[in-house]
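Me: I'm new to this one and don't know where to look first. Could you pick a single spot, go through it slowly, and then work outwards from there?

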Amino acid sequence: MTNGWTDIANADVILAMGGNPAENHPCGFKFVMEAKRKRNAKLVAVDIRFQRTAAVADHFVQIRAGTDIAFLGGLINYALTNNRYHEEYLRLHTNAPFIVREDFKFDEENGVFSGWDEAKGQYDPTSWDYEYDENGYAKVDPTMQHPRSVFQLMKKFYSRYTPERVAQICGCSVDDFLKAADIITSTYPPDKAGTIMYALGWTHHSFSVQLIKAAATLQLILGNVGRPGGGVNALRGHANIQGGTDMGMGYHNTPGYIPIPKAPHQSLQQFLEAVTPKALRPNSVNYWQNMPKFVVSQLKAFYGDAATRENDFAYHLHPKLPEDPATGRLENWSWAFIFDHMAQGRVDGLISFGMNPVNNGPHTRKVIYALSQLKWLVVAENFMTETAYFWRPDILATIGKKPEDVKTEVFVLPAANFAEKSGSFTNSARWAQWKWKAIDPPGEAKADQEVVGRIFMKVRELYQKEGGRFPDPVLKLDWWYTNPYAPSEEEVAKEINGKDLTTGKQLPLFTALKDDGTTSCGNWLYCGSFTEEGNLMARRNLDDPTGLGFFHNWAFNWPANRRILYNRASADAQGRPWDPSRPGIVWDGKRWVGDVPDYPATAPPEQGWGAFIMIPEGVARLFAPKGAFVDGPFAEFYEPLESPVPNLLHPKRSQNPVAVVFKTTEWDRLGKAEEFPIVATTYRLTEMFHYWTKNNPYLVQLQPEFFIEMPEELAAEKGIKNGDVVRVISARGEVKGRALITRRMRPFTLNGRTVYPVGMPIHWGFIGLGRQEGGAANILTPTVLDPNSFCPEYKGFLVRVEKA
Amino acid sequence: MAFEPTAIKAVSASVTPAPGIKNVPEVIKLIDVSSCIGCKACEVACQEWNDLPANVNRPFFGSYQTLPDLDWNFWQLIKFNEVQRDGRFIWTLAKYQCMHCGDPGCLRACPAPGAIVQYANGIVDFVQENCIGCGFCITGCPFDVPRLSPTTGKVYKCTLCSDRVSAGLEPACVKACPTKCLSFGTKDQMLAQASYRVEQLKAIGYDKAAVYNPPGVGGTHAVYVLPYGDSPEIYGLPRDPKVSFVDVWKGGLRWLGNLVIFGGIVGAILHYLRFGPRRVPEEEPVEAGAPPRPAEPVPGDGGNG
């Protein structure tokens with residue numbers, strides 16, 4: 001989230017799209033209801049079906065799965081053509097005035113940007129850039145009238161997204177779209193603010209990053225970013241998934257979003273040069289210029305005394321992403337690639353913690369096959385899962401194998417659950433909140449750090465005894481904890497915060513970090529969370545002097561206890577808030593006050609530093625230059641990889657040209673609309689949490705069985721009655737479940753043709769209470785990924801439905 | 001029930017106790033239907049607080065609604081109805097439970113001394129030790145709320161968490177509600193809050209918004225704010241509930257009532273010992289979009305155990 005849960009209550013308009021917050025974030029949804037009750041806020045829900053959020057929305061629009069960029073593009077066009085944009089904000093806080101290179105083009109007929117190489121199947125993004133002056137700074141036209149200014153290019157780009165075109169693509173009515181557009185763009189005046197709440201309905205696409213970029217573009221046009229009641233707010237799906245992301249859970253970065261070094265970065269110097277950006281405007285703070293401080297402090301935290309100035313702070317021990325010898329490209333070890341590599345026999349073992357990949361998918365059968373290629377599998381879990389039991393006859397039967405065919409050795413380690421261990425949870429709002437163990441774990445179940453600690457100590461012992469090809473990264477890792485077999489949560493939290501190595505004191509904030517090896521810090525964003533004052537994540541003070549829900553003495557909000565990111569954008573050039581009743585930060589003549597400023601705290605507004613201090617331009621990017629995203633600088637609508645209709649904007653290029661499509665196993669298949677005419681989507685239910693709560697009798701009672709939601713018209717056509725068992729078949733496999741026939745899902749009319757949607761929740765499988773009969777929705781989903789985030793396309797794939 | 005005797009207002013089949021001197025305010029659970037997201041936290045909180053077993057193997061019946069209707073172990077149920085209204089499609093999400101009537105038909109109908117108690121704060125509670133399982137309360141309830149357990153032969157329903165309330169806490173469902181759809185407080189506070197919310201809803205276009213606090217049952221201690229207040233039935237609520245059974249009982253046939261009280265009660269017990277409890281009436285109209293009610297097996301020997 002750019003903002004936070006409590007801040008949703010400050011919004012005038014809330015767009016819930018690509019998410020179903022009432023369903024999946026019921027506790028956070030209280031702030032939506034508060035905005036409605038206290039501010040008369042308008043809630044617009046856009047989704048593939050009328051769901052719980054729609055039930056309390058002021059306006060609902062049903063759109064076809066995967067057409068969100070068309071809808072958002074339509075909103076952008078509506079705002080730009082009806083003068084419903086915040087012009088002063090655009091000029092001051094975005095790159096709308098920047099001038100783009102002459103050779104940047106978008107081929108409207110063929111649906112590709114300049115630099116497209118059909119043979120290689122990728123873009124050369126050289127032309128996606130600004131024009132620069134002699135000092136290396138981007139040229140700007142403050143009037144935004146230059147034909148190659150970002151503003152004019154954007155206006156032209158989105159002029160194709162007319163209300164009629166949006167309605168044709170999305171399958172909604174023009175009136176429904178226009179009513180939504182009228183409400184959503186009503187926040188363009190400076191004293192109005194609107195927010196967007198989204199979740200996996202936007203991230204689960206082969207164009208997911210561009211989709212979120214489209215949302216950010218809309219919010220910037222309306223002047224809604226950096227302000228109380230505004231922002232682009234990702235609703236994270238697990239209690240600590242934000243914390244996991246912050247701590248380098250992805251393969252491509254280390255804690256604090258520091259890129260993982262790549263094979264060509266042979267020295268620390270080379271690496272730092274590659275990852276430290278240079279300012280693109282004279283007034284850009286360009287905070288990532290401090291990257292060397294973050295990196296060196298992190299290396300000190302990792303390798304301790306073994307990291308010295310003389311040895312480049314043990315950079316030689318630091319993992320580097322290798323090049324794939326076959327392709328010459330860097331290896332990809334994101335989620336779906338891990339299982340693809342595994343299916344090819346390139347992986348010996350897997351340690352699976354807190355996840356259930358057989359059900360998580362996509363494409364359950366491929367995952368089961370991949371696991372069967374392992375030599376060993378370790379599963380640390382609260383309950384037995386489909387992954388731990390993948391060798392069971394009923395589960396292996398889905399890939400036509402028997403237990404005796406599988407040689408994988410499986411170890412199950414009982415793990416403590418969330419209530420059985422202390423530590424911190426970082427929520428969607430970036431609040432790191434300390435929690436305390438409620439009860440001891442049962443039996444031999446252990447907290448994660450003990451499982452990891454014991455494995456690490458054993459591995460280190462083996463390296464000590466037997467040596468190995470490269471033992472130093474393990475032997476020299478700074479494992480300083482009082483109990484190395486079960487490091488305490490406090491010690492780990494202190495290490496993440498970091499300390500001054502000359503005084504031994506905890507650091508107060510990341511501004512104290514140095515690149516000379518005198519500070520250590522596990523994650524610069526969490527520097528300030530556990531200081532000499534103590535564990536600030538454990539704070540529980542409800543003081544709210546501004547009444548805007550900042551709660552600065554509740555927990556710790558990274559970065560720097562800041563509640564709203566980019567909050568300098570809440571004020572005009574003179575430092576006056578756009579809306580005096582909802583100030584983010586205000587210049588009081590000496591310093592910025594209000595929220596913790598996302599800005600040099602004592603820099604007067606006349607100095608004119610850009611509000612977006614993490615971006616080299618100093619302003620927000622409507623146009624993302626230099627291949628920031630591999631599929632284009634503007635968000636363009638592409639159909640999902642499996643789509644019932646061609647892309648009406650450019651039928652010659654319906655899909656994202658650089659989407660990742662696997663062709664490894666026999667199940668890596670895509671279906672065609674002739675065979676699979678129905679658009680399917682997976683989703684989650686409020687009654688369940690992933691594949692975990694199917695072990696809880698109260699929740700199983702609330703939703704006892706796998707079901708497929710479908711419109712009445714489809715059911716009538718197929719002779720299906722409510723509650724009947726139906727088969728759903730995709731190119732990857734089939735599942736059986738009960739039909740839930742509803743008027744909350746309606747057929748679409750696309751190009752004069754009727755297209756039916758169906759939807760199914762993901763929470764069932766083979767193991768658990770209630771009726772677990774293999775109704776795992778991800779048996780159907782394709783192994784297709786977004787080319788930037790490598791997130792699978794769980795939403796918007798093709799199936800057919802039959803009465804069983 | 002750990003209530004002090006002075007806080008009791010009425011007891012079934014008994015003389016009304018002498019009024020206490022304590023000034024006990026009446027309480028109300030307010031249900032603002034416009035804020036309900038159907039999350040079912042209230043349903044589970046109720047079961048967990050009251051240690052009620054879960055129906056793990058309940059059948060799927062093609063709805064998001066947990067059960068077709070209330071059950072002996074399921075005292076709070078959110079009803080999900082798909083309705084077309086004023087050219088607009090709506091999915092009503094409305095919690096259903098005991099209304100804790102000001103004039104409780106169940107209590108009036110109950111022949112078992114001390115089986116149903118109305119406290120001075122308005123809570124109507126069943127005392128299972130004294131329940132004879134006759135089912136008169138089921139017939140007497142204009143909201144069709146009480147449910148007979150086939151295993152214990154006793155009748156159960158929402159207690160408005162009388163145990164929590166007596167300890168100064170809100171009911172479990174209110175505590176669990178994430179959207180403030182449910183509130184709990186004194187009658188005055190809650191009715192004022194309800195009126196305020198109705199005015200808010202009217203201001204944003206729900207011109208039929210209304211408070212549901214039916215006078216036919218003496219007002220209730222579960223009060224609703226309904227966005228479409230002119231159509232309570234779309235939320236699964238009766239339009240104009242009345243304690244009709246009680247009117248007969250307490251009106252012209254009072255002599256018959258006296259006869260029953262003084263002489264017939266033994267006969268009634270013997271009758272039910274012989275023939276078992278009454279079935280739950282099934283002739284109730286099915287709401288638009290409401291799921292069909294499956295036949296519920298009621299063992300013939302229920303109530304004899």
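Reply: One bit of vocabulary before we start: helices here are DSSP runs of H or I with at least four residues, strands are runs of E with at least two, and both are numbered from the N terminus. Keep in mind, too, that this is a predicted model.

Our spot is A:Pro362, which sits in the loop that links helix H15 (357–360) to helix H16 (364–372) of chain A. Look at the bond leading into this proline: the peptide bond from A:Gly361 to A:Pro362 is cis, and its omega is near 10°. Most peptide bonds are trans, and most residues other than glycine have a negative phi. Chain A offers another cis case, the peptide bond from A:Trp558 to A:Pro559, where omega is near -10°. A:Pro559 is in a loop as well, this one between strand E21 (556–557) and strand E22 (585–587) of chain A.

Let's follow chain A to helix H18. How well does the length of helix H18 (residues 448–466) of chain A agree with 1.5 Å a residue? Its 19 residues should span 27 Å at that rate, and the end C-alpha atoms are 27 Å apart, so the two agree. Just after H18(A) comes A:Gly467, with a positive phi near 70°.

Now for the inside of the model. The largest nonpolar core holds 274 residues, and the ones touching the most other members are A:Ile14, A:Ala215, A:Val758 and A:Val799. Take A:Ile14: once you set aside neighbours within four places in sequence, its contacts are A:Ile8, A:Val32, A:Ala35, A:Ala41, A:Leu43, A:Thr195 and A:Met197. Another core, of 30 residues, lies apart from that one, and A:Val358, A:Ile399, A:Val451 and A:Val784 are among its residues.

For a link between parts of the sequence that are far apart, try A:Arg165 in helix H7 (residues 163–170) of chain A. A:Arg165 and A:Leu649 are 484 residues apart in sequence, yet their C-alpha atoms are 8.4 Å apart in space. Setting aside neighbours within four places, A:Arg165 is in contact with A:Arg160 and A:Leu648. Is A:Arg165 buried or partly exposed? It has 18 C-beta neighbours inside 10 Å, and a residue needs 20 or more to be buried, so A:Arg165 counts as partly exposed.

Next, the place where the two chains touch. Chain A puts 33 residues into the contact and chain B puts in 28 residues. On the chain A side, helix H2 (30–39), helix H3 (52–55), helix H21 (697–702) and strand E28 (734–742) each give at least two residues. By class, that side of chain A has 18 nonpolar, 7 polar and 8 charged residues.

Crossing over to chain B, you'll find 8 helices and 11 strands. Of its 305 residues, 47% are buried. Among the chain B contacts between residues at least 6 apart in sequence, 68% join residues at least 24 apart.

Strands of a sheet pair through backbone hydrogen bonds, either parallel or antiparallel. One open sheet in chain B has 4 strands in the order E9-E2-E11-E10, with mixed pairing. Strand E9 (182–186) and strand E10 (210–212) of chain B are the edge strands, each pairing on one side only. From one strand to the next, the twist averages 25°. Inside that sheet, strand E2 (residues 27–32) and strand E11 (residues 222–226) of chain B run parallel and are joined by 4 bridges. One bridge pair is B:Lys29 with B:Ala222 in E11(B).

Chain B also has an open sheet of 3 strands, E1-E5-E6, with antiparallel pairing. Strand E1 (8–11) and strand E6 (124–126) of chain B each have a single partner strand, so one side of each has no neighbour in the sheet. E1(B) pairs with strand E5 (residues 116–119) of chain B over 3 bridges, and B:Val11 stands opposite B:Val117 in E5(B).

Last stop: two lysines. B:Lys40 isn't a glycine, but its phi is positive, about 70°. B:Lys40 is in the loop between E2 and helix H1 (41–49) of chain B, and with 26 other C-beta atoms within 10 Å it is buried. B:Lys180 also has a positive phi, about 60°, without being a glycine. Its place is the loop between helix H5 (172–176) and E9 of chain B, and its 14 C-beta neighbours inside 10 Å make B:Lys180 partly exposed.

Definitions and conventions
Residues are numbered from 1 along each chain as its sequence is written. Chains are lettered from A and ligands numbered from 1 in the order in which they are written. This is a predicted model: local features need pLDDT of at least 70, side-chain atom pairs count only at pLDDT 80 or more; totals for chains, interfaces and linings use all residues. A nonpolar core is a set of buried Ala, Val, Leu, Ile, Met, Phe, Trp, Tyr and Cys residues joined through C-beta atoms within 7 Å. A residue is buried if 20 or more other C-beta atoms lie within 10 Å of its own, exposed if 12 or fewer, and partly exposed in between; C-beta atoms are placed from the backbone. Two residues are in contact if their C-beta atoms, placed from the backbone, lie within 7 Å. Ala, Val, Leu, Ile, Met, Phe, Trp, Tyr, Cys and Pro count as nonpolar, Asp, Glu, Lys and Arg as charged, and the others, Gly among them, as polar. Two strands pair if DSSP finds at least two bridges between them. Axes are lines fitted to C-alpha atoms, for helices over the stretch in contact, and angles run from 0 to 180 degrees between N-to-C directions. The expected span of a helix is 1.5 Å times one less than its number of residues.
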